[in-house]
Amino acid sequence: MEFVASLSEWGYLGLFIAAFLAGSIIPFSSEVVLGLLLVAGYDPWGCVISATLGNWLGGVTCYYIGYLGKTEWIHTYLKIPEEKLAKMQHFLQGKGSLFGFFVFIPVIGDIMIVALGLMRANPIGTLLSMMAGKFSRYYLVIIGVNYLKEWFPNLF
């Protein structure tokens with residue numbers, strides 16, 4: 001938790017780093033850093049842009065690791081089991097790059113973006129739909145934090 005608090009002290013850059021880590025295969029909650037910055041009075045649009053870009057670039061990294069097709073890298077560095085990757089590829093077969101929108105979903109999103117890369121899904125379509133999904137996620141978090149601040153003003 002100390003690491004999360006120190007990232008929030010870095011402001012938008014800390015949020016970008018937290019979101020990048022969360023967007024890659026590293027399990028990390030960038031939403032906590034986002035919430036801390038919002039409570040501290042940071043601009044919501046600055047937060048959503050910083051978080052979206054960081055998380056998107058983390059996802060782009062995973063996509064291109066998959067795109068390279070080096071399955072030994074995927075298993076060694078990303079720790080994605082071969083059977084889960086094969087199941088995801090089977091699920092995504094014929095669905096197209098628009099499924100990149102759903103890579104913000106915890107746990108399966110990381111596997112999904114690597115599988116889309118392995119399948120050589122249209123890079124532009126995949127990366128744009130992924131950005132739209134990640135933006136939507138952070139925008140909804142900001143709305144949620146604002147409602148919490150409104151409903152429980154004594155907590156903040």
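**Close-up views of a predicted model**

Lys149 is partly exposed, having a relative accessible area of 30%. The structure shown in every view is a predicted model.

**View 1. Surroundings of Lys149 in helix 8.** Lys149 belongs to helix 8, which runs over residues 123-151. Its relative accessible area of 30% counts as partly exposed because this class lies between the limits of 20% for buried and 50% for exposed. The side chain of Lys149 reaches the backbone oxygen of Leu38 at a distance of 3.3 Å. Val4 stands 145 residues away from Lys149 along the chain, and the C-alpha atoms of these two residues are separated by 21 Å.

**View 2. Helix 8, its N-terminal cap and its cover.** Helix 8 has 29 residues, and at 1.5 Å a residue its expected span is 42 Å. The C-alpha atoms at its ends are 42 Å apart, in agreement with that expectation. At the N-terminal end, helix 8 is capped by Asn122, a side-chain oxygen of which lies 2.9 Å from the backbone nitrogen of Ile124. Buried residues of helix 8 include Gly125, Leu127, Met130, Gly133, Tyr138, Ile142 and Val145. Polar or charged residues of this helix are also buried, among them Thr126, Ser129, Lys134 and Arg137. The cover over the buried residues of helix 8 includes helix 2 (12-23), helix 3 (30-39), helix 4 (44-68) and helix 7 (108-118).

**View 3. A nonpolar patch on the surface.** A nonpolar surface patch of about 1200 Å² includes Trp45, Ile49, Leu53, Phe135, Tyr139, Trp151 and Leu155 among its members. Helix 8 supplies the largest share of this patch, seven residues. Helix 4 and helix 8 each give at least two residues to the patch. Leu53, one of the patch residues, is placed in helix 4. With a relative accessible area of 38%, Leu53 is partly exposed.

**View 4. Lys79 in the loop between helix 5 and helix 6.** Lys79 is found in the loop that joins helix 5 (71-77) and helix 6 (82-92). Although Lys79 is not a glycine, its phi is positive, at about 60°. Lys79 counts as exposed because its relative accessibility is 62%, where exposed begins over 50%.

**View 5. Val107 in the loop between helix 6 and helix 7.** Val107 lies in the loop between helix 6 and helix 7. Its phi is near 70°, a positive value in a residue other than glycine. The relative accessible area of Val107 is 62%, and the residue is therefore exposed.

Terms used
Residues are numbered from 1 along each chain as its sequence is written. This is a predicted model: local features need pLDDT of at least 70, side-chain atom pairs count only at pLDDT 80 or more; totals for chains, interfaces and linings use all residues. Side-chain values use heavy atoms; hydrogens and water are left out. Helices (H or I, at least four residues) and strands (E, at least two) are DSSP runs, numbered from the N terminus. Buried means under 20% relative accessible area, exposed over 50%, partly exposed in between (1.4 Å probe, protein chains only). A polar contact is a pair of N or O atoms within 3.5 Å; within protein, one must be able to donate a hydrogen and the other to accept it, and residues adjacent in sequence count only if both atoms are side-chain atoms. The expected span of a helix is 1.5 Å times one less than its number of residues. Contact means heavy atoms within 4.5 Å. Patches are made of residues with over 30% relative accessible area and no salt bridge: like charges are joined within 9 Å, nonpolar side chains (Val, Leu, Ile, Met, Phe, Trp, Tyr) within 5 Å. Accessible areas come from the Shrake-Rupley method with a 1.4 Å probe; for residues, only the protein chains shown count as cover. A salt bridge is a side-chain nitrogen of Lys or Arg within 4 Å of a carboxyl oxygen of Asp or Glu.
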